[in-house]
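Please describe this structure for a reader who is meeting it for the first time. A report in running text, with a small table, would be welcome.

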Amino acid sequence: MGDYKRTDLGGLTVGRGIHALSLSKVFKESGVQIYKGVFVGENPNFEGPCILGKPPRGKNEGELETHIGNNCLIRPFTTIYAGNVIGDSFETGQGCSIREGNLIGNNVRIGTLAVLEFGNNIGNNVRIHTGCFLEMVTVEDNVFIGPNVIFTDDPHPPCPRYKECVGGAVVKAFARIGANSTILPGVVIGRNALIGAGSVVTKDVPDNTVVAGNPARFIKYLDDLKCFKNFFEKPYSNYREDRDG
Ligand SMILES: CC(C)(COP(=O)(O)OP(=O)(O)OC[C@H]1O[C@@H](n2cnc3c(N)ncnc32)[C@H](O)[C@@H]1OP(=O)(O)O)[C@@H](O)C(=O)NCCC(=O)NCCS
């Protein structure tokens, strides 16, 4: 993550919207609970009640650091565990849970009630919509993940060694995943691919293709999509240059 002016909040319970970290303006009754080892950039906005830097099971307070860049907006009932590194302009919806060991880029938005379990690696400009579940997933830049998309990472649950097994999916840059899809462990979703709503993705998806159904199958190329209203020459045509690169 880039350099930013960090302030150690030092385990304080601080007030709603502590803009510019003027701790003299802190209101203790707000319900924003910040554990030791939390560092944030400029202009944070924490809407209480929320919890930042909670030590995961087996760790003591302050043992793992938590870094959040500039201009974050953390909405009520979000819990961010200790041991995360998060970029600038991070935004959560209400009731998000973010476990330890996530690496999150800039301009990432996590929707209401979404859950990031441990070990996700998320790029820049990523939207993870309401109610999603991700664990050990790699998400490249400019990916859109629709509502209630579930990523799985244990092929034969509950396996005691699943973390060493197939692992989570990889979602390549500019891919979009339709609502209510389920992505099976270790699948690679190609660059600029589109997953239809309600799909179960059981195997790798080639770049620039549209797949849908259970199991998800090729239905067309992205270039074959039509904009029903003719607002655009083609859906996603603004990404063509990137796609060719
Ligand atoms: C995948 C998608 C983009 C395809 O749109 P499209 O190009 O207009 O699709 P078409 O109407 O040409 O459908 C082609 C075929 O695929 C089928 N199909 C389309 N979407 C499907 C889906 N999600 N699941 C299963 N089959 C699907 C159609 O029934 C059709 O089958 P047929 O040829 O047997 O009649 C669209 O259906 C979709 O799912 N979009 C994602 C919506 C979403 O989740 N948005 C999230 C943000 S709110």
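## Loops, sheet and ligand shell

Asn142 counts as buried, because 20 other C-beta atoms lie inside 10 Å of its own and the cut-off for a buried residue is 20 or more. The model described here is a predicted one. Within it, Asn142 is found in the loop between strand S19, residues 138-139, and strand S20, and its phi is near 60°, a positive value in a residue other than glycine.

A second residue invites a similar description. Phe174 has its place in the loop between strand S22 and strand S23, the latter spanning residues 176-177, and its phi is near 65°, again a positive value in a residue that is not glycine. Phe174 is buried, since 23 other C-beta atoms lie within 10 Å.

Strand S20, which follows the loop of Asn142, also takes part in a sheet: ten strands form an open sheet in the order S5-S8-S11-S14-S17-S20-S23-S26-S28-S29, and their pairing is mixed. Strand S5, residues 45-46, and strand S29, residues 217-221, stand at the edges with a single partner strand each, so one side of each is left without a neighbour in the sheet. Strands of a sheet pair through backbone hydrogen bonds, either parallel or antiparallel. Strand S17, residues 127-128, and strand S20, residues 144-145, run parallel and are joined by two bridges; in strand S20, Phe144 is the bridge partner of Arg127.

The edge strand S5 also helps to place two prolines. Pro44 lies in the loop between strand S4, residues 38-40, and strand S5, and it counts as buried because it has 24 C-beta neighbours inside 10 Å. The C-alpha atoms of Pro44 and Asn71 are separated by 5.0 Å, although the two residues are 27 residues apart along the chain. Pro49 lies in the loop between strand S5 and strand S6, residues 50-54, while Pro158 is found in the loop between strand S21, residues 150-151, and strand S22, residues 170-171. Pro49 and Pro158 each take part in a cis peptide bond, as listed below.

| Cis peptide bond | Omega |
|---|---|
| Gly48 and Pro49 | about 0° |
| Pro157 and Pro158 | about -10° |

What remains is the surroundings of the ligand. Of the 13 residues around the ligand, Gly146, Gly178, Gly196, Ala197 and Ala212 come nearest. By class, the shell around the ligand is made up of seven nonpolar and six polar residues, with no charged residues.

How values were computed:
Residues numbered from 1 in each chain as written. Predicted model: local features only at pLDDT ≥ 70, side-chain atom pairs only at ≥ 80, totals over all residues. Pairing = 2+ DSSP bridges. Helix = DSSP H or I, 4+ residues; strand = E, 2+ residues; numbered from the N terminus. Near = placed C-beta within 6 Å. Nonpolar A, V, L, I, M, F, W, Y, C, P; charged D, E, K, R; others polar. Buried ≥ 20, exposed ≤ 12 C-beta atoms within 10 Å, placed from the backbone.
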